[in-house]
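Colleague: I have a model open and want to read it properly. Can you take me through it, feature by feature?

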Amino acid sequence: MIEDWDDAYANRDHIPGADDFIPRWEAEAAAFRDAMGDRAKLDIAYGPHMRNRMDLFRPEGASKGLVIFVHGGYWRAFDKSYWSHLAAGSVARGWTVAVPSYTLVPEIEIAGITQEIRVALEQAARAVPGPVRLVGHSAGGHLVTRMLCRDVDLPGEIRGRIAHTVSISGVHDLRPLVRTAMNADFRLDEASAAAESPALLHPVEGANVTVWVGNDERPEFVRQSTLLANIWTGLGADTAQIKDKGKHHFDVIDGLAVTGSPLTECLLG
């Protein structure tokens, strides 16, 4: 039985060398943007807020379709600039990758972030033809699975192009977060947490979802991934769960930067 819900969701406290990851991500992301040259289109506005911006990374030659990566940080930290390098695996395979920022809590509610990502998805999909694949990490895993819920108002043409969604260490039931100190920023109650929980909502027909989680993560993240896979299977979605051996919450995303990695292969199929 979990008694300390703050500890249940505290990743940094349980990862050796955790403080080294953020500067590494930032440096690798900047180096990737520099290397992309004019194939990187930065700070494309998709909405009125200063954080409603996305970066678009195009492959050499014709694009096979669109990948959208949505970052984590408990909806209250980071922006697109930390994650550019995670586009590398998909770009090398011929896909265009969009990486959006979004407004952070407590300036906005989580439901508002869901709507921002919906708008970013629509704009990116209209700019890049072909199939669409969604991938998100942690809070981003929540946001990409929200795009597959029936209550999210996506145009049918765009929804029909979403071929696969990968939620990496996603949070799919927000109700436990009401018990955390972070809820001072989230401002969730039982009703609003339930309304934003993919595990409590119906997926659209034809949803194809993989929940990917590090085997060495906090048990609560493993449970959250298993929960969505189990429930959505019973609601008609095509679901799979992968536990990545030896990976924790911070290094479980590394494979996205590598062509031919199991994670990139899973995403692109």
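We go from the ground rules to the cysteines, then to the fold and the surface.

Modeller: This is a predicted model, so local features need pLDDT of at least 70, side-chain atom pairs count only at pLDDT 80 or more, and totals for chains, interfaces and linings use all residues. Residues are numbered from 1 along each chain as its sequence is written, and side-chain values use heavy atoms, with hydrogens and water left out.

Colleague: How many disulfides does a search of the whole structure find?

Modeller: A disulfide is a pair of cysteine sulfur atoms within 2.5 Å. The search finds zero.

Colleague: Why is Cys149 not bonded to Cys266?

Modeller: Their sulfurs are 19 Å apart, too far for a bond, although Cys266 holds the closest cysteine sulfur to Cys149.

Colleague: Are these two cysteines buried or exposed?

Modeller: Buried means under 20% relative accessible area, exposed over 50%, partly exposed in between (1.4 Å probe, protein chains only). Cys149 is buried at 0%. Cys266 is buried too, at 17%. Across the chain, buried residues make up 57% of the 269.

Colleague: What does the radius of gyration say about the chain?

Modeller: It is taken over C-alpha atoms, and the globule rule is 2.2 Å times the number of residues to the power 0.38. For 269 residues, a compact globule would be near 18 Å; the chain has 17 Å, which agrees. The C-alpha trace spans about 55 × 45 × 35 Å along its principal axes.

Colleague: How much area does the chain expose?

Modeller: Accessible areas come from the Shrake-Rupley method with a 1.4 Å probe; for residues, only the protein chains shown count as cover. The chain exposes about 10,700 Å², with 52% supplied by carbon and sulfur atoms.
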